[in-house]
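Please open the model in your viewer and keep a selection panel at hand. The stops below are meant to be taken in order.

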Amino acid sequence: MFKKILIANRGEIAMRVIRTCKEMGIRTVAVYSTADAESLHVRFADEAVCIGPAPSNESYLKMSNIIAAAEITNADAIHPGYGFLSENAKFSKICEEHEIKFIGASAEMIERMGDKASAKATMKAAGVPTIPGSEGILDSYEETETLADEMGYPVMLKATAGGGGKGMRAVWSKDDLKKSWDSARQEAAAAFGNDGMYMEKLIEEPRHIEIQIVGDSNGRACHLSERDCSVQRRHQKLTEETPSPFMTDELRNKMGEAAVKAAEFIKYEGAGTVEFLVDKHRNFYFMEMNTRIQVEHPITEQVVDYDLIREQILVAAGIPISGKNYFPQLHSIECRINAEDPYKDFRPSPGKITNLHIPGGHGVRVDTHVYSGYIIPPNYDSMIAKLITTAQTREEAINKMKRALDEFIIEGIKTTVPFHRQLMDHPDYVAGDYTTKFMETFEMQETADAH
């Protein structure tokens with residue numbers, strides 16, 4: 001087992017990893033930028049090393065500084081969390097070259113699954129359902145037009161190096177194809193330095209449902225059922241739940257089997273998710289694989305009583321998994337609390353938290369790195385906390401979330417707490433009747449908490 005793990009991340013995920021390491025008797029090293037000197041992960045780790053100034057590319061993305069921090073503190077493993085370097089094949093390789101265990105996927109695995117076109121080809125070979133579309137990168141606009149005619153509209157153009165919704169365009173008719181093709185390529189080139197495009201059939205009334213998997217070094221994998229991540233804004237998830245209100249036992253078994261098949265086919269090692277789009281007829285299609293822990297992993301932990309970070313560490317240390325699949329025994333919902341103003345198009349709201357009261361009680365979990373007096377820097381992602389409620393039924397979990405949101409007091413900045421409180425009363429959400437298009441028609445109601 002590892003003696004010391006360096007956490008190459010910040011904020012709540014760094015705190016989350018530190019907690020599990022402490023419970024396992026493993027020492028921890030926090031790294032931080034000058035903007036994060038006062039963050040809780042710095043305070044609660046056994047050691048802390050400053051790795052540079054506030055900008056990410058000079059600190060949390062600077063591989064040489066992170067490796068140097070690991071070497072001077074004699075860390076024998078690095079946990080990358082999510083975001084930053086968690087799915088960076090080069091960083092995984094550098095760790096290996098320095099004989100530091102990267103608690104995540106191998107460089108080869110990240111490369112194979114990171115490029116969307118090669119991931120799709122791999123899944124096809126594994127016998128996992130994939131969305132009809134182009135075989136690899138499109139060579140020309142003419143090829144795109146011919147294929148779109150064959151598949152039938154609507155279609156979706158996607159950047160092969162894409163993420164966060166950049167370089168994506170839904171095309172509903174032939175008239176719009178050329179304009180969409182040009183603007184998507186331009187956006188992809190600016191965002192990723194790569195204007196390679198591929199095209200898929202657009203799935204109608206889609207739900208975004210992911211399956212949590214864990215694989216070990218013996219090539220064996222298991223699944224921990226699904227999470228419904230369909231409530232999104234600009235392809236960023238806002239809230240997630242498990243089990244999905246759209247799921248049937250038959251569909252859960254089919255999707256779980258497909259995810260395990262995918263993981264075992266590529267001999268996946270570690271925790272990951274196989275992401276699917278599910279249409280209104282409950283047909284499911286592989287979308288992508290995330291080779292890291294997800295932001296929303298706590299809801300799975302709550303419904304199957306399983307520490308996913310612990311399992312990541314055990315697998316990285318070469319300990320085999322039990323191989324059994326897990327199914328939800330309870331219902332759990334996560335609301336991402338962001339420092340954003342939901343009344344002003346979710347505009348970021350960094351600054352000082354002047355007063356903070358965190359909710360508690362049975363079935364309420366809060367993962368956070370902030371406290372009263374903490375200054376939220378403007379340099380990073382705006383998520384400051386995750387509020388998770390767990391109960392016997394979905395209705396109870398929603399009612400518990402309402403109560404917990406009412407208790408969650410964050411003063412000095414604007415947050416998404418009022419948005420989530422309104423969401424929990426929205427008739428379509430309450431009915432479990434929502435798709436990835438839900439936020440396109442959602443409107444914040446002016447209330448006393450608006451100002």
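**Aromatic pairs**

Select Tyr 60 and Tyr 380 to begin: Tyr 60 is buried, and so is Tyr 380. Bear in mind throughout that this is a predicted model. The rings of Tyr 60 and Tyr 380 form an edge-to-face aromatic pair, with 5.6 Å from centre to centre and 80° between the planes. Tyr 60 belongs to the loop between strand 3 (47-52) and helix 3 (63-72), while Tyr 380 belongs to the loop between strand 20 (375-376) and strand 21 (383-391), so this pair ties together parts that are 320 residues apart in sequence.

Next, select Phe 276 and Phe 284, which form another aromatic pair of the edge-to-face kind, at 5.4 Å centre to centre and with 90° between the planes. Phe 276 and Phe 284 are both buried. If rings count as a pair when their centres lie within 6.5 Å, the count comes to 12 aromatic pairs.

For a larger selection, take Phe 346, Phe 419, Tyr 429, Tyr 434, Phe 438 and Phe 442 together, since ring pairs link these residues into a cluster. Keep Tyr 434 selected and add Arg 207, whose charged end sits over the ring of Tyr 434, 4.3 Å from its centre. Arg 43 and Tyr 371 can be shown in the same way: the charged end of Arg 43 sits over the ring of Tyr 371, at 5.5 Å from the ring centre.

**The parallel sheet**

Switch to a cartoon view and look for the open sheet of five strands, which are arranged in the order 3-2-1-4-5 with parallel pairing. Strand 3 and strand 5 (101-102) stand at the edges with a single partner strand each, so one side of each is left without a neighbour in the sheet. Now select strand 2 (residues 27-33) together with strand 3: the two run parallel and are joined by five bridges. To see one residue pair, pick Val 29, whose bridge partner in strand 3 is Glu 47.

**The antiparallel sheet and its helix**

The next selection is an open sheet of three strands, in the order 7-6-8 and with antiparallel pairing. Strand 7 (169-171) and strand 8 (197-201) are the edge strands, each of them pairing on one side only. From one strand to the next, the twist averages 25°. Strand 6 (residues 155-159) and strand 8 run antiparallel and are joined by five bridges, and within strand 8 it is Tyr 198 that serves as the bridge partner of Lys 158. Add helix 7 (residues 141-151), which packs on the sheet and touches strand 6 and strand 8, its direction making about 10° with that of strand 8.

Between helix 7 and strand 6 there is a loop that holds Pro 154. Select Tyr 153 along with Pro 154 and display the backbone, because the peptide bond from Tyr 153 to Pro 154 is cis, with omega near 5°.

**Two crossing helices**

How do the axes of helix 5 (residues 107-114) and helix 6 (residues 116-126) cross? They come within 5 Å and cross at roughly 95°, and the two helices are therefore roughly perpendicular to each other. To display the contact, select Glu 111, Arg 112, Met 113 and Gly 114 in helix 5, which meet Lys 116, Ser 118, Ala 119, Thr 122 and Met 123 in helix 6.

**A buried isoleucine**

Move to helix 11 (residues 308-316) and pick Ile 309, a buried residue with a relative accessible area of 0%. Leaving aside residues up to four places away in sequence, Ile 309 touches Arg 16, Val 17, Thr 20, His 79, Ile 293, His 297 and Glu 301.

**Backbone details**

A cis peptide bond also joins Thr 242 and Pro 243, where omega is about -5°; Pro 243 lies in the loop between strand 11 (236-242) and helix 9 (249-265).

Finish with two residues that are not glycine. Glu 205, in the loop between strand 8 and strand 9 (207-215), has a positive phi near 45° and counts as partly exposed at 46% relative accessibility. His 235, in the loop between strand 10 (221-233) and strand 11, has a positive phi of about 65° and is partly exposed, with a relative accessible area of 42%.

Notes
Residues numbered from 1 in each chain as written. Predicted model: local features only at pLDDT ≥ 70, side-chain atom pairs only at ≥ 80, totals over all residues. Heavy atoms only, no water. Phe/Tyr/Trp six-rings, centres within 6.5 Å; stacked < 30°, edge-to-face > 60°. Helix = DSSP H or I, 4+ residues; strand = E, 2+ residues; numbered from the N terminus. Buried < 20%, exposed > 50% of the residue type's maximum accessible area, 1.4 Å probe, protein only. Lys NZ or Arg CZ within 6 Å of the ring centre and 35° of its normal. Pairing = 2+ DSSP bridges. Axes fitted to C-alpha atoms, helices over the stretch in contact; angles between N-to-C directions. Contact = heavy atoms within 4.5 Å. Parallel < 35°, antiparallel > 145°, perpendicular 65-115°, else oblique.
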